[in-house]
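Here are some reading notes for a colleague who is opening this structure for the first time. Please keep the viewer open and follow the points in order.

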Amino acid sequence: MSSNYSVTLKGPAPWGFRLQGGKDFNLPLTISKLTDGGKAAKGGITVGDMVLSIDGIATEGMNHLEAQNKIKSCTGNLSLTLQK
């Protein structure tokens, strides 16, 4: 069963996760790696979670670089909506 949840990570970066996928790979954006003790891991994010939105912007149709740049542009807190 999949369930959506939102996480707000306190800025600034590093956020402690790595993304994979994107429109250019024909794959959903998912969390591929977490840094032990990093902000994402402490926020309850797990490897394999799908990223549905970044700061309220839906990731559907985003390519990998666009998603990375959107995350990099977050100087304060980073708000993510994910799906387990």
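1. A term to begin with. Buried means under 20% relative accessible area, exposed means over 50%, and partly exposed is what falls in between. By that cut-off, Lys 84 is partly exposed, with a relative accessible area of 44%. Keep in mind that this is a predicted model.

2. The annotated domain. The UniProt record, an unreviewed entry, places the feature "domain: PDZ" at residues 10-84. The C-alpha atoms at the two ends of residues 10-84 are 21 Å apart. Helix makes up 17% of the span and strand 36%.

3. Strand β1. Start at residues 4-9, where the side chains alternate. Tyr 5, Val 7 and Leu 9 point to one face and are buried. Asn 4, Ser 6 and Thr 8 point to the other face and are not buried. The partner of β1 here is β6: the two pair in the antiparallel sense over six bridges. Within that pairing, Asn 4 has Gln 83 in β6 as its bridge partner.

4. Two cis peptide bonds. Look at the loop between β1 and β2, where Pro 12 is found. The bond joining Gly 11 and Pro 12 is cis, with omega about 0°. Pro 14 has its place in the loop between β1 and β2 as well. The peptide bond from Ala 13 to Pro 14 is cis, and its omega is near 10°. Both bonds deserve a look in the viewer.

5. The hairpin of β2 and β3. Strand β2 covers residues 17-22 and strand β3 covers residues 27-34. They pair in the antiparallel sense over five bridges. Phe 17 stands opposite Leu 34 in β3. Four residues lie between the strands of this hairpin.

6. Positive phi at Asn 26. Asn 26 sits in the loop between β2 and β3. Its phi is near 55°, a positive value in a residue other than glycine. Is Asn 26 buried or exposed? Asn 26 counts as exposed, at 72% relative accessibility.

7. Positive phi at Asp 55. Move on to the loop between β4 and β5 (57-58), where Asp 55 is found. Asp 55 is not a glycine either, and its phi is positive, near 50°. Asp 55 is partly exposed, with a relative accessible area of 31%.

8. The salt bridge. How many salt bridges does the structure hold? It holds one. The side chains of Asp 49 and Lys 84 meet in it, at 3.4 Å from N to O. Asp 49 lies in the loop between α1 (39-42) and β4 (50-54), and Lys 84 lies in the segment after β6 (78-83), so the pair ties together parts that are 35 residues apart in sequence. Asp 49 is buried, with a relative accessible area of 3%. Lys 84, as noted in the opening point, is partly exposed at 44%.

9. The largest pocket. Rolling a probe the size of a water molecule over the atoms shows where empty space is left. The largest pocket has a volume of about 230 Å³. Its lining includes Ala 13, Pro 14, Trp 15, Gly 16 and Phe 17. Arg 18, Leu 19, Thr 35, Gln 68, Ile 71 and Lys 72 are also among the lining residues. Which elements give two or more residues to the lining? They are β2 and α2 (64-72). By class, the lining has six nonpolar, three polar and two charged residues. Note that Pro 14, which follows a cis bond, is one of the lining residues.

10. Two distances to check. Thr 46 lies in the loop between α1 and β4 and is partly exposed, with a relative accessible area of 34%. Thr 46 and Thr 35 are 11 residues apart in sequence and 11 Å apart in space, C-alpha to C-alpha. Ser 79 lies in strand β6 and is partly exposed, at 27%. Ser 79 and Ile 57 are 22 residues apart along the chain, and their C-alpha atoms are separated by 9.8 Å.

Definitions and conventions
Residues numbered from 1 in each chain as written. Predicted model: local features only at pLDDT ≥ 70, side-chain atom pairs only at ≥ 80, totals over all residues. Heavy atoms only, no water. UniProt positions renumbered as here; feature names shortened; annotations may be inferred. Pairing = 2+ DSSP bridges. Salt bridge = Lys/Arg side-chain N within 4 Å of Asp/Glu carboxyl O. Buried < 20%, exposed > 50% of the residue type's maximum accessible area, 1.4 Å probe, protein only. 1 Å grid on protein atoms, 1.4 Å probe; cavity = no way out; pocket = protein on both sides within 12 Å on 5 of 7 lines; lining within 4 Å. Points joined across faces, edges and corners; volume = space filled by probe spheres on them. Nonpolar A, V, L, I, M, F, W, Y, C, P; charged D, E, K, R; others polar.
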